[in-house]
Amino acid sequence: AAETPPHHYTIGFSQCTNGDAWRLAMLAGMKKELSFYPNVSFRMKDARYSSALQKQQIQEFLREGIDLLIVSANESEPVTPVIEEVYNRGIPVVILDRRISSQLFTAYVGGNNVEVGRTAGRYAATLLGQRGRVLEILGAPGSSPAVDRHRGFADALAAYPGLQLVAQVNSNWERPSVLERLPAVLRAHPEVELIFAHNDRLALGAYQVCKELGRQRRVKIIGVDGLPGSRGGIQLVQDGVINATLLYSPGGEEAIRTAMRILQKQPFAKENILGTMVIDSTNALTMKMQTEQLANQQQDIQRQQQLLQEQRDTYASQQTVLYVLAAA
Ligand code: FRU
């Protein structure tokens, strides 16, 4: 029987921001997985941390026509209605990393942020011998990882009467907001011995502020993300800038895999949770070596794909020569 050509699909990706290494790793993972599906057009719109723009861009996707939407919601509440509209029109929705405040979506891919916060809380208790004052730097208000990481962290701390959360600093997920707001809060709370920052960029900012105030030896720091690379969280742990980071995988590959299962009418899970773990001085080197090896293998695969393409091009041009000769 003749093979039917694969169906053509268009995937729209509404990204809350595309301006940091974690988001770029997510996109790289998506592109890697997409390279197996030449029948898919992929379009990304970057909302640059604006929920209003994200809403507009999702409406644009609806006008342009998409077969599936992948979305990381900048803030849960404001973008929920438009995502529900997409879903209600029968277009599958994959929520990636940042959730909406509705169950009207097809699948979720990403970490369990309550668990991330809880693990950070338990690790803080170990670091401090179950007693001490703690400060938390939260991600942007209204974004689901910030809400959930805080919930998990507070939850875990509640089990240790000797541990107190004495201060909180809000951020917009980016380091400059910490450099601006943390100094005053830290000066007002000289007793703080540990800072839990909702990502490694904020954690690095916290370290810089502590250093400026001459407190870097006294204050322990925990971050989130654990990215590889020279400026990633694994390296920050290795360099002793932070004590630990919680692995939080960007999940680009998994998002595309789930999207393709949905589009091809294969079985899939609604909740696809990516695990977390503590990266500290005991395992940072192992993590670093493993991620470097993975990156090398990835490069090898890309080189092979390029070679294959070159061979296909050569073959195609030889075919053309043959046709021309035959016609002569
Ligand atoms: C990247 C990021 C990560 C964080 C995630 C939460 O844009 O800020 O650092 O873990 O988003 O959604």
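**Exercise 1. Pairing at one end of the sheet**

Which residue in E7 does Val-134 stand opposite? Find it in this predicted model, and then describe the pairing and the burial of E6.

*Solution.* Begin with the residue itself: Val-134 stands opposite Leu-165, which belongs to E7. Next, turn to the two strands, where E6 and E7 run parallel and are joined by seven bridges. Finally, consider how far E6 is covered, and it turns out that six of its seven residues are buried, where buried stands for a relative accessible area under 20%.

**Exercise 2. The order and edges of the sheet**

Determine the strand order of the six-stranded sheet, identify its edges, and describe the pairing of E10 with E12.

*Solution.* The first step is to write down the order, which is E7-E6-E8-E9-E10-E12 in an open sheet with mixed pairing. From this the edges follow: E7 and strand E12 (278-280) each have a single partner strand, so one side of each is left without a neighbour in the sheet. Going from one strand to the next, the twist averages 20°. The next step takes up strand E10 (residues 244-247), which pairs with E12 in the antiparallel sense over three bridges; within this pairing, Ala-244 has Asp-280 in E12 as its bridge partner.

**Exercise 3. Helices packed on the sheet**

State which strands helix H4 and helix H5 touch, and give the angle that the direction of each makes with a strand.

*Solution.* Take H4 (residues 113-127) to begin with: this helix packs on the sheet and touches E7, E8, strand E9 (220-225), E10 and E12, while its direction makes about 160° with that of E9. Then take H5 (residues 144-157), which also packs on the sheet, in this case touching strand E6 (132-138), E7, E8 and E9, and whose direction makes about 170° with that of E6.

**Exercise 4. The crossing of H1 and H9**

Classify the crossing of helix H1 (residues 21-34) and helix H9 (residues 252-263) by distance, angle and hand.

*Solution.* Two packed helices are described by the angle between their axes and by the distance between those axes. For H1 and H9, the axes come within 6 Å and cross at roughly 45°. The two helices are therefore oblique to each other, and their crossing is right-handed. To complete the picture, list the residues that meet: on the H1 side they are Met-26, Gly-29, Met-30, Lys-32, Glu-33 and Leu-34, and on the H9 side Gly-252, Glu-253, Ala-255, Ile-256 and Arg-257.

**Exercise 5. Buried loop residues**

Locate Asp-97, Trp-173 and Asn-199 in their loops, and decide for each whether it is buried or exposed.

*Solution.* Asp-97 is placed in the loop between strand E4 (93-96) and strand E5 (107-111), and although it is not a glycine, it has a positive phi of about 70°. Because its relative accessibility is 2%, Asp-97 counts as buried.

Trp-173 is found in the loop between strand E7 (163-170) and helix H6 (175-188), and this residue, likewise not a glycine, has a positive phi of about 80°. With a relative accessibility of 3%, Trp-173 counts as buried.

Asn-199 lies in the loop between strand E8 (192-197) and helix H7 (200-212), and it is buried, with a relative accessible area of 3%. Leaving aside residues up to four places away in sequence, Asn-199 touches Trp-173, Gly-223, Val-224 and Asp-225. As a last step, note that a polar atom of the Asn-199 side chain lies 3.0 Å from the backbone nitrogen of Arg-201.

Methods: Residues numbered from 1 in each chain as written. Heavy atoms only, no water. Helix = DSSP H or I, 4+ residues; strand = E, 2+ residues; numbered from the N terminus. Buried < 20%, exposed > 50% of the residue type's maximum accessible area, 1.4 Å probe, protein only. Polar contact = N/O pair within 3.5 Å; in protein donor to acceptor, adjacent residues only side chain to side chain. Contact = heavy atoms within 4.5 Å. Pairing = 2+ DSSP bridges. Axes fitted to C-alpha atoms, helices over the stretch in contact; angles between N-to-C directions. Parallel < 35°, antiparallel > 145°, perpendicular 65-115°, else oblique. Left-handed = near helix turned anticlockwise from the far one by under 90°.
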